[in-house]
Structure formats: structure tokens, C-alpha cells
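Work through the exercises below with the sequence and the structure at hand. Try each task before reading its solution.

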Number of protein chains: 2
Amino acid sequence: MTDQMTSKQAQASAHDDTVNGIHLETLQGTVRAIEQDPVLGQCKFRARNTWLGGNHNRSTISGFYGARQEIAHKQQFELHADEPPILAGGDDGANPVEHLLNALAACVTTSMVAHAAVRGIHIEELESELEGDIDLRGFLGLADDVPKGFTEIRINFRVKADVHNLERLKRLTAYSPVLNTITRGANVIIQVEPK
Amino acid sequence: MTDQMTSKQAQASAHDDTVNGIHLETLQGTVRAIEQDPVLGQCKFRARNTWLGGNHNRSTISGFYGARQEIAHKQQFELHADEPPILAGGDDGANPVEHLLNALAACVTTSMVAHAAVRGIHIEELESELEGDIDLRGFLGLADDVPKGFTEIRINFRVKADVHNLERLKRLTAYSPVLNTITRGANVIIQVEPK
């Protein structure tokens with residue numbers, strides 16, 4: 001276990017207090033607690049969604065389960081999804097596959113920044129562009145042999161940091177939960193009940 | 001090709017003009033165009049992300065490529081992601097894995113509603129609750145054998161519609177691009193360049 005958030009490098013850089021805007025003692029306090037009691041790491045994340053008509057729907061996110069307790073966000077988050085006119089929507093929100101790209105961008109960015117922080121790698125600026133390929137014939141049921149989801153997603157990061165650390169920063173993206181969910185897949189169980 | 005958006009049922013219900021809030025002629029016009037010229041279905045969806053410090057970042061989504069052209073959204077969408085205090089964040093947005101649940105909820109809902117519409121299945125109300133399991137030891141690098149992403153996600157829909165159609169509505173979720181991306185996986189290519 002040489003490459004984790006309580007490594008020697010991490011402990012050394014903890015004296016800095018905050019790296020990349022992340023308060024190391026807070027993060028490492030959570031890490032140490034989970035290390036001592038692994039059950040604390042078991043989380044259940046949640047969303048509720050309400051159909052608003054047509055292709056427009058809204059998710060609300062208010063809290064999650066972790067560290068053996070229900071944890072409320074400091075505010076409830078609302079996220080709207082819709083489709084553009086070409087897909088018979090009103091364009092009142094990013095569409096669902098764009099929301100997926102946002103989730104991926106956010107997660108890979110956060111994973112890189114946080115893991116860099118505990119390793120003492122300072123990042124000054126960080127931005128990314130994502131592009132993913134979908135052939136709509138899959139979703140529309142026009143061809144059974146065409147995948148319905150994204151076939152390839154490309155992420156290009158531009159990072160202002162010591163150039164000698166760029167390859168290392170790239171490797172840190174491997175910790176991202178959303179990246180791992182998309183590349184390795186997850187089991188999804190769907191139930192439909194009458195209302 | 002009996003189960004697609006220009007099936008006989010679809011053509012029959014097209015006379016209704018709008019089902020489930022979806023204008024069928026608009027949707028079926030897109031479907032027919034892609035059927036005649038499959039290249040029109042090849043889409044590239046995009047997001048840009050900017051790190052704002054710490055665990056806070058923002059995606060902007062302004063348009064996509066499809067139907068052989070660049071298509072701008074009627075407005076630019078901004079989506080914020082952050083982490084809760086227990087993960088050393090300021091809680092200024094849903095966190096990345098919650099954004100993934102939103103993408104999944106939005107996509108499965110939209111897929112069910114749109115495919116139901118072209119089959120003449122009327123939906124009065126539709127809502128869902130999602131819950132997904134993540135063991136943070138994976139993300140934190142505390143245990144190599146613990147998956148870093150979601151291991152299981154459960155979606156429970158409650159639908160106000162003819163109860164005889166509920167099983168059919170459940171099957172229509174299989175068209176969802178985000179569901180397919182998560183359950184079947186996609187290739188993700190990451191580049192990191194200096195800024």
C-alpha cells in the first residue's frame with residue numbers, strides 16, 4: 001500500500017495544511033477513520049427524479065449515507081435534463097448523455113486534484129474538454145448491432161503545473177469512481193411499480 | 001426491425017400529434033432522416049470543465065455535433081460539482097457520483113417516455129429513486145481489491161399509467177444510452193497536456 005492517501009509523501013505534505021485548495025487534515029482524517037474502521041467507507045449515494053413532461057425531467061439530490069450515518073448536503077441540488085429540438089425537446093437542460101460527460105469531467109478532475117494534493121503535487125490551473133461518440137441508430141432502435149451508449153469518450157486536460165508531474169497526474173485519474181464505473185461497468189437493477 | 005420508432009404502432013399513434021408531451025412528427029422526422037441516411041445519426045456530445053479550486057469544478061455545455069452539423073443549445077448550461085465537508089469540499093454542488101446518478105435517472109426516464117410515446121403508451125406521472133453503492137476504500141487507495149466505482153445501482157420507478165403496460169415500460173429502459181454506457185462500459189481516452 002504505497003500509493004494511497006496516507007502515504008509518507010502525504011504525511012509530509014500535511015504540514016502545508018492546504019494544497020490545491022484541499023484541507024489535507026480534513027481529508028486525511030476521513031482516510032484514517034476508514035482505514036481503522038473499513039465499514040465507514042461504505043456509501044450509498046442517491047438521487048430522486050421527477051418527470052416534468054416530454055423529454056424534460058428534474059433530479060433532486062439532498063443527501064447520502066456514509067460513515068455509518070445519513071449525511072445531508074448543506075443545500076438541496078436540482079438538476080434539469082431535456083433534449084434539443086432535433087430530438088423533440090425544449091432544450092431546457094443539458095441532455096442525459098451530456099450530464100454523463102459532466103459527471104465524468106467532474107470526477108476525473110476531483111480525483112486528480114485530491115490525489116495530487118496528498119502527494120504534494122501543486123496544480124495551478126486545470127481545465128478539460130470532453131467529447132464522446134454516440135450513433136443515435138442504437139437509441140432509436142434502427143439497428144440492433146449499433147451500441148446504444150457511448151462507444152468512446154476522449155478527455156483532454158490542460159494543466160498548469162510542474163511539467164515533470166504531468167505523467168503522474170495522468171495516472172492519478174485512475175482513482176476516479178465515475179471513470180471506473182464507465183470503463184468497468186456496474187450492475188443496474190430497475191424496478192417499475194404502479195403509482 | 002419490429003421494435004423501433006417507426007413501427008406500425010408508431011405510425012398509427014402519430015395521428016395523435018403529441019403523446020407524453022412529445023411531438024411525434026418532430027421525433028419521427030428525425031428517425032426517418034437517419035433511417036434514410038445513417039450518417040446523420042453519428043453524434044459527438046461535448047462538455048468543457050474548469051477547476052475552480054479544491055473539489056469544486058464547473059462544466060459548461062453549449063452544443064454538439066449531429067445530423068452532419070454543429071448544433072448549438074439555445075442556452076449554455078453550467079453544472080457545478082463539489083464534495084461534502086466529510087470529503088474536504090465546500091458542498092457547492094452535487095458530487096460527481098451523484099451527477100452520474102442524475103445522468104442515469106434522466107436518460108432512463110427520457111428513453112422510457114419517448115419510446116412509450118411512439119408506441120402509443122400514455123404515461124400520466126413518472127418518478128424514480130436511485131441508490132448506488134460505493135466503498136470509498138477504492139477511491140482512497142486503501143485497498144487494491146475494492147472497486148473504485150459503483151458496484152450496484154438500483155432504480156425504482158413509480159409510474160401512473162395502465163398497469164398492463166408496466167412490464168413493457170420496464171423493457172423500454174433498455175434503449176437508454178447512459179444505462180448502456182454504465183452496464184456495458186465505454187472506452188475512455190485521457191490526455192494530459194501542459195497549459
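The exercises go from the contact between two chains to a helix and then to a core.

This is a predicted model, in which local features need pLDDT of at least 70 and side-chain atom pairs count only at pLDDT 80 or more, while totals for chains, interfaces and linings use all residues. Residues are numbered from 1 along each chain as its sequence is written, chains are lettered from A and ligands numbered from 1 in the order in which they are written, and side-chain values use heavy atoms, with hydrogens and water left out.

**Exercise 1.** Describe the contact between chain B and chain A by residues and by area.

Solution. Start with residues: 132 of chain B are in contact with 132 of chain A (contact means heavy atoms within 4.5 Å). Next take the buried area, the accessible area (1.4 Å probe) that two parts lose on being put together, summed over both. Between chain B and chain A this area is about 11800 Å², and carbon and sulfur atoms give 62% of it. Last, find the main contributors: Phe45(B), Trp51(B) and Lys195(B) supply 7% of the area that chain B buries against chain A, more than any other three residues.

**Exercise 2.** How many salt bridges are there between chain B and chain A?

Solution. Apply the cut-off: a side-chain nitrogen of Lys or Arg lies within 4 Å of a carboxyl oxygen of Asp or Glu. The count between the two chains is 12. As an example of a salt bridge, Glu127(B) meets Lys195(A) at 3.4 Å, N to O. Then look at the side of chain B that touches chain A: helix H3 (residues 96–118) of chain B gives the most to it, with 20 residues. Helices (H or I, at least four residues) and strands (E, at least two) are DSSP runs, numbered from the N terminus.

**Exercise 3.** Why is helix H6 (residues 177–184) of chain B largely enclosed by the rest of the structure?

Solution. Count the buried residues (under 20% relative accessible area; exposed is over 50%, partly exposed in between; 1.4 Å probe, protein chains only). Six of the eight residues in H6 of chain B are buried, so the helix is largely enclosed. Among these six are Pro177(B), Leu179(B) and Ile182(B). The buried residues of H6(B) pack against several elements, including strand E8 (187–194) of chain A and H3 of chain B. Just after H6(B), Gly185(B) has a positive phi of about 85 degrees.

**Exercise 4.** Which residues does Leu169(A) touch, not counting residues up to four places away in sequence?

Solution. The partners are Met112(A), Ala116(A), Ile121(A), Ile123(A), Val159(A) and Ala161(A).
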